[in-house]
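Student: I would like a close look at a single part of this structure. Please take me through the sheet and what surrounds it, step by step.

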Amino acid sequence: MKSLLVGLMVFIFEKIFIFANLKKFSLEKRKVRARCAIELSTLKRGDLLEVPRTLFVHFGIYLGNNKVAHLMPDILPAISDDECLIGKVVTNKRLILGVLAKVASIRVDTVQDFAYGGSIMVNHMDKSFKTKPLSNEEVAQRAEKLVGATSYSLLWDNCEHFVTYCRYGFPMSFQTDKFCEIVKKIIRDQRSVVISAALGLALTLCVGVGPFTTLPSFLFTFTLWMAS
C-alpha cells in the first residue's frame, strides 16, 4: 500500500510540474529573449545550450555543423512509424503529449529547430557547478553515443539530466530540485491538509462512500498531516 501511495503522489506531482513552474519560466523566457542572438560561428562542439520552450527551459549539446543533440519528449513515435514525419521539428503539442505519455528520444536537430524561435544561452550552467566541465570533445562524444530512444521522466530523467551527464559527468536537474522544494513547502503547510480533507469530503459526498474514493482521500490527507 505504501509503494502504491508513493507512486500515486509522484504521478500527481509530475502532472502538476508543468503548471507549478509556469510563472518562473515565463519570466526566464522574457529574460533570455532580451539577450542578443547567438552567432553560430561562436558555438563550439560540446557546448551546453539552453533555450526557453513551452513552460520550461530546454537543454541540448552542440555537436558542430549546426547540429544539436537533445532529449526531447515526443508522442509521435508511439503512434506512427513514419520516420520522415517523426524527424520533423517537434511541435509543442507533440512535446506536451510526449511528457504525459513518457515517450522520448535523444535526437539530433538543427540549432534553429532546437531553439524553436527562442534565444539561446551557451554554457550558462557552468557557473552553477563546482566541478569543471569535461573536455568539449568528450562531451560531444557522450551525447552522440546516447542518441536514440530513451526512458523519460519529467522529474528524474529529463533533458537537463542528459546534458549535465554529458558535460559534467553526472546527471542532475536544478529545475527538479526547485520543484521538490516547492512540494516540500506545500506539504509542510498545514493549510494543505485542510484543503485536501475538504476536497476528499466533497468527492465522497458527490460520488458516494467507496474504496476508490474514501480510502485514497483519507490516505493522502493522512500523509500530508504526518509530513507537515
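Tutor: Start with one residue. Pro-52 has a relative accessible area of 7%. The cut-off for buried is under 20%, so Pro-52 counts as buried. Keep in mind that this is a predicted model.

Where does Pro-52 sit? It lies in strand S1. Now look across to Met-121. Pro-52 and Met-121 are 69 residues apart along the chain, yet their C-alpha atoms are separated by 9.6 Å. Met-121 belongs to strand S5, which covers 121–122.

Next, widen the view to the sheet. Six strands build it, and the sheet is open. Read across it, the order is S5-S1-S2-S3-S4-S6. The pairing is antiparallel. Strand S5 and strand S6 (148–150) stand at the edges. Each has a single partner strand, so one side of each is left without a neighbour in the sheet. As a general point, strands of a sheet pair through backbone hydrogen bonds.

Follow one pair more closely. Strand S1 spans residues 48–53, and strand S2 spans residues 56–64. The two run antiparallel and are joined by six bridges. Take Glu-50 as an example: its bridge partner in S2 is Phe-59.

Now add the helices. Helix H5, residues 92–101, packs on the sheet. H5 touches S1, S2, strand S3 (67–73) and strand S4 (104–110). The direction of H5 makes about 55° with that of S3. Helix H8, residues 159–168, packs on the sheet as well. H8 touches S1, S2, S3 and S4. Its direction makes about 40° with that of S2.

Stay with H8 and move along the chain. Ser-173 lies in the loop between H8 and helix H9 (174–188). At 2% relative accessibility, Ser-173 counts as buried. What does its side chain meet? A polar contact of 2.8 Å joins it to the side chain of Glu-160. Leaving aside neighbours within four places in sequence, Ser-173 is in contact with Asn-158, Glu-160 and His-161.

Asn-158 leads to the last stop, the empty space. A search of the whole structure finds two cavities of 30 Å³ or more. The largest has a volume of about 90 Å³. Ten residues line it. Nearest its centre lie Phe-56, Leu-154, Asn-158, Cys-159 and Gln-175. Which elements give two or more residues to this lining? They are S2 and S3. That brings you back to the sheet.

Technical notes:
Residues are numbered from 1 along each chain as its sequence is written. This is a predicted model: local features need pLDDT of at least 70, side-chain atom pairs count only at pLDDT 80 or more; totals for chains, interfaces and linings use all residues. Side-chain values use heavy atoms; hydrogens and water are left out. Two strands pair if DSSP finds at least two bridges between them. Helices (H or I, at least four residues) and strands (E, at least two) are DSSP runs, numbered from the N terminus. Contact means heavy atoms within 4.5 Å. Axes are lines fitted to C-alpha atoms, for helices over the stretch in contact, and angles run from 0 to 180 degrees between N-to-C directions. Buried means under 20% relative accessible area, exposed over 50%, partly exposed in between (1.4 Å probe, protein chains only). A polar contact is a pair of N or O atoms within 3.5 Å; within protein, one must be able to donate a hydrogen and the other to accept it, and residues adjacent in sequence count only if both atoms are side-chain atoms. On a 1 Å grid over the protein atoms alone, a cavity is a set of points where a 1.4 Å probe fits but cannot get out, and a pocket is an open set with protein on both sides within 12 Å along at least five of seven lines; lining residues have an atom within 4 Å of a point. Grid points are joined across faces, edges and corners, and a volume is the space filled by probe spheres set on the points.
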